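Welcome, and thanks for taking a look at this one with me. Here is a short briefing to read alongside the model.

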Amino acid sequence: SSKSNSKTSKSTMHPIMYPTMGTDYPTHSPTITPEPTTAIPTTSPTITPAPTTMTPTYSPTMGKSSKSNSKTSKSTMHPIMYPTMGTDYPTHSPTISPEPTTTASPTLSPTITPGPTTYIPTMSPTMGKSSKTNSKSGKATMYPTISPTEFTTHSPTITAMPTTSSPTRSKRSKKGSRPSAKSAKRSYARSKAPSSHSTGKSRKTYHPTMSPIIGGGQVETVKTGLSMDLFGLNSTLDDDEIAVFETQTAAYFEDFYNLDMVGETPVSDVSASVTVTDVMGPENSTVRGRKSARKLQGGSDVNPVRVTYTMDLSYVISDPETTVNMVVTAPFMLEEFRIYYRETYLQTDGEFEELTGLSAVFLPETEGPTYSPTSSPTITAKPTQSPTRDPERNYCQPEGACEGATGAIGEASCNGPTACFNKTGDVGHTSCLELSSCAFSTGDVGNESCRGLEACLENEATIGDFSCTGLHSCKNNAGNVDSESCNGQKACEKNSGTIGFSSCNDLSTPGGQSCSLNSGTIGDGSCQGTNACYNNTGTIGNNSCNGDSACSNNQGNIADGSCNGESACQDDGDRDKVVTIGAGSCNGEAACYRNIGDVSIDACIGELACYRNSGNIGMNSCDGYGACRGNTGPIGILAMNEGEENAVGSCISEEKTSEDVPDGEGYLGVCISNNGAIGDGSCRGVTSCADNEGEIADYACINNFACFSNRGQVLDGGCDGVESCHENKGIVGVNACDGDLSCKGNQNSIGDLSCVGLNACAGNSFKILEEACLGDFACADPNSAINGTYTINSSSCHGFYACSTLDANVGINSCIGDYSCQLSAEDIGNGSCIGLFSCFANTGSIANGSCRTEDVLTCEDVEGDCTQDFTGACTAQSGTIGNGSCIGESSCCGNFEAILDNECRDANSCSSCGE
């Protein structure tokens with residue numbers, strides 16, 4: 001699937017021409033196909049690695065373009081030509097297809113979205129599978145998607161209770177239509193009678209998920225003595241509020257089942273009405289109240305308003321072992337459900353504005369479950385050390401919920417059929433609130449934890465506050481879980497590692513398995529997202545691995561603040577090498593995905609940075625969109641501890657995400673598919689050092705496309721300029737090849753401080769010694785294509801186009817001046833051809849110290865048009881010239897005779913140009 005980018009597109013300079021790359025090179029918008037793995041979650045993207053060879057097929061174009069970086073406002077040099085990428089580069093928000101996995105792997109294949117680097121879990125409803133219209137407001141409403149599952153065999157099977165007939169009442173003709181809170185208040189004020197609330201819904205088929213037993217039928221009954229605590233209210237309920245409570249509670253109860261808010265259940269075609277029979281509190285409340293309202297909701301923890309009511313209901317049941325008590329309590333069992341009920345139903349028309357929280361539904365004191373003798377375990381008498389049920393403390397409801405339990409049980413806890421059956425650890429307040437949620441647990445459970453169906457079942461370790469609240473989360477847990485962690489439907493299931501504070505929360509995806517099968521140590525604020533840290537066996541620091549599938553199957557050691565982003569540091573779980581990732585590294589979508597190299601501090605930052613990297617990455621390196629993707633070489637200075645080194649970092653570009661590259665075609669990340677060793681401070685700019693195979697020293701290859709497809713060795717400070725040393729094959733000396741397009745396509749060795757200027761030494765095949773070829777186009781495009789045939793000696797060929805299109809050897813300190821020795825085809829000795837146009841188009845050999853007009857080196861030294869009014873010494877001459885001859889303007893111009901030593905030493909002497 002695809003999604004549109006909601007951000008405003010940015011204008012940018014368009015490339016002048018596009019080199020052709022291989023068809024399998026990465027692109028910005030790929031099709032991601034599944035790949036088989038052994039234990040990897042099914043949210044893993046499959047992205048084809050980049051090739052290692054690239055051959056552009058375009059002509060050189062000189063110039064630059066610039067654009068302002070949207071994040072830094074700095075002007076950035078951009079390449080004047082772009083290579084064309086292939087079709088397999090990952091998109092910014094890929095749709096992930098399922099891949100074959102083992103039985104221990106998750107089965108969910110969601111479309112994943114990057115998450116933030118830090119998370120504070122909340123108890124808000126999980127938004128889920130479909131949008132349905134809220135009949136009160138007509139607005140589309142997202143419903144929670146916490147789906148119930150089969151009951152565990154440890155839990156007693158509860159048979160249906162006898163039912164009674166309910167009074168006949170009219171049903172609404174259209175599902176979901178109900179009176180608003182305001183109309184309910186008006187009706188109540190007129191009649192002072194309880195409002196009727198019913199529905200009619202036709203359901204043709206139903207596939208139960210809560211129990212394998214199929215059967216049941218129509219149930220009609222009246223439940224009396226139900227009660228609920230309302231927190232945060234400063235006074236008792238008035239008539240209008242009672243009317244709203246009655247109408248909206250019935251509406252929510254019906255919608256919970258009829259609209260499948262939590263997926264399909266054994267209950268359907270629900271019709272209900274609510275009648276309030278008693279209201280107590282807050283100032284004179286003496287009822288047994290829950291004295292610990294949820295702190296996250298801001299409710300008062302004393303003197304709640306206790307509302308007692310009767311529910312007249314009918315429904316169709318497909319599982320005869322689902323009791324009426326289970327039906328009336330389930331919609332209010334979880335905090336997520338109660339928040340949704342409060343905010344969406346009770347508080348829609350300005351009523352209950354002070355309400356901050358609600359309790360679960362309390363059943364009458366005299367009622368308890370009936371157990372099925374065919375499927376429930378044998379119920380023995382409570383041991384003497386079991387807690388004594390105190391009605392004022394409101395725990396262990398219904399009877400039998402704590403059968404065989406030992407250890408302390410907090411207020412309002414273990415409320416659900418067999419919720420704490422045979423548990424031995426301590427349980428805090430308001431915990432273990434569903435069927436079997438803490439049954440057979442041997443570890444301590446904190447406050448408001450393990451609240452979901454079978455959450456913390458058979459737990460063996462310590463679980464903190466506000467943790468393991470979703471369906472199956474922390475089931476069979478054997479590792480210590482800190483507070484506010486492992487909240488999600490299957491989060492931390494079968495975990496055996498240590499999990500820190502506010503970690504492993506997956507509240508957005510039904511069936512997500514963050515930290516499931518984890519056996520490693522996970523720090524605080526980490527592993528938030530669908531399948532994050534699934535099957536992790538390594539050590540993960542604080543605030544790390546946040547994002548869908550981040551660090552799943554990880555085996556390495558990950559420091560603080562690292563691997564944050566969708567699929568960041570995701571592995572296939574089948575590596576012999578245990579890698580180490582330093583602090584603040586591998587942050588970005590798919591950053592360090594299937595990485596097998598060690599990564600230093602603050603490295604591999606950006607979307608797809610270090611994707612499938614196998615080389616060691618140094619401090620502050622590989623920072624940019626797609627930076628170092630497919631890299632195999634060592635980059636920068638490897639430092640794993642703060643203060644150990646002060647590295648500048650290599651392979652850096654301004655672009656960090658696909659949104660920074662509106663035209664994804666033609667973009668290649670810095671150092672992508674690099675295979676050579678790269679020093680510190682090098683390869684800075686778009687596509688710089690991409691497909692490099694040569695050794696690059698420190699502070700080299702600076703600017704866009706610098707050293708792209710380089711095959712030669714580049715020494716310190718070499719190749720500074722757009723496309724400098726692009727496709728270079730020679731050795732580049734210290735601080736050599738400085739200028740846009742300088743040394744592009746160079747075939748031979750270049751000495752220190754040589755080839756400085758625009759296009760200097762481009763296409764060179766000569767051996768160039770130190771401090772030679774200084775000036776725009778100096779020594780560019782030589783005629784000779786034979787590598788190593790000619791040499792340009794040190795300190796020679798200085799000037800605009802000096803020695804360009806040359807086909808001869810040049811001595812020391814020769815060819816100084818604009819256009820000097822251009823198109824020359826015979827050897828030139830030391831100290832010769834000094835001046836503007838000197839030795840231009842020369843075809844004869846010139847000895848030492850000859851052909852000089854030293855006072856005129858550039859056109860600026862000439863009055864008038866230099867091309868018309870000035871002729872250089874030895875211009876277009878074809879004779880042999882000895883030592884110290886042809887001195888002065890136009891001397892020996894057009895000569896075709898042999899000139900001996902120290903002859904023709906005046907202006908225009910031995911010249912035929914005037915003729």
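Which residues are linked in a network of salt bridges? They are D691, E693 and R711. Please keep in mind throughout that this is a predicted model. The points below begin with charged pairs, then turn to strands, helices, one loop residue and some backbone geometry.

**Salt bridges**

- Searching the whole structure turns up nine salt bridges.
- One of the pairs is E454 with K475, where the N to O distance is 3.2 Å. Both E454 and K475 sit in the loop between β8 (357–358) and β9 (539–540), so their contact ties together parts that are 21 residues apart in sequence.
- Are E454 and K475 buried or exposed? E454 counts as buried because its relative accessibility is 1%, under the 20% cut-off. K475 is buried too, with a relative accessible area of 16%.
- K656 and D623 make another salt bridge, and their closest N and O atoms are 2.7 Å apart. The loop between β11 (580–581) and β12 (767–768) holds both K656 and D623, so this pair ties together parts that are 33 residues apart in sequence. K656 and D623 are both buried.
- R852 pairs with E854 in a salt bridge, with 2.7 Å between the closest N and O atoms.

**Strand pairing around β7**

- How many of the 13 residues of β7 are buried? Twelve are, which leaves this strand mostly covered.
- Strand β5 (residues 217–231) runs antiparallel to β7, and twelve bridges join the two. Among the bridge partners, G217 is matched with I317 of β7, and L226 is matched with Y309 of β7.
- Strand β6 (residues 267–280) also pairs with β7 in the antiparallel sense, over eleven bridges. For D278, the bridge partner in β7 is T308.
- β5 has a further antiparallel pairing, with two bridges joining this strand to β8. There, L230 has L358 of β8 as its bridge partner.

**A threonine after β7**

- Where is T323 placed? T323 is in the loop between β7 (305–317) and α3 (324–329).
- The side chain of T323 has a polar atom 3.1 Å from the backbone nitrogen of M326.
- T323 is buried, because its relative accessible area is 4%, and the limit for that label is under 20%.

**Helix packing**

- Two packed helices are described by the angle between their axes and the distance between the axes.
- Helix α2 (residues 239–258) packs with helix α4 (residues 335–346) at an angle of about 125°, and their axes are 10 Å apart.
- What word describes how α2 and α4 lie to each other? They are oblique, because the angle falls neither within 65 to 115 degrees, which would be roughly perpendicular, nor over 145, which would be roughly antiparallel.
- The crossing made by α2 and α4 is right-handed.

**Backbone geometry to check**

- Most residues other than glycine have a negative phi, and most peptide bonds are trans. The cases below are listed with that background in mind.
- Which peptide bond is cis, with omega near -10°? The bond from Q397 to P398 is. P398 belongs to the loop between β8 and β9.
- C755 has a positive phi of about 60°, although this residue is not a glycine. The loop between β11 and β12 contains C755, and C755 is buried, with a relative accessible area of 0%.
- Y819 is a residue other than glycine with a positive phi, here near 65°. Y819 is found in the loop between β13 (791–792) and α5 (866–869).
- Why does Y819 count as partly exposed? The relative accessibility of Y819 is 22%, and the partly exposed class covers values between the 20% and 50% cut-offs.

Conventions: Residues numbered from 1 in each chain as written. Predicted model: local features only at pLDDT ≥ 70, side-chain atom pairs only at ≥ 80, totals over all residues. Heavy atoms only, no water. Helix = DSSP H or I, 4+ residues; strand = E, 2+ residues; numbered from the N terminus. Buried < 20%, exposed > 50% of the residue type's maximum accessible area, 1.4 Å probe, protein only. Polar contact = N/O pair within 3.5 Å; in protein donor to acceptor, adjacent residues only side chain to side chain. Pairing = 2+ DSSP bridges. Salt bridge = Lys/Arg side-chain N within 4 Å of Asp/Glu carboxyl O. Axes fitted to C-alpha atoms, helices over the stretch in contact; angles between N-to-C directions. Parallel < 35°, antiparallel > 145°, perpendicular 65-115°, else oblique. Left-handed = near helix turned anticlockwise from the far one by under 90°.
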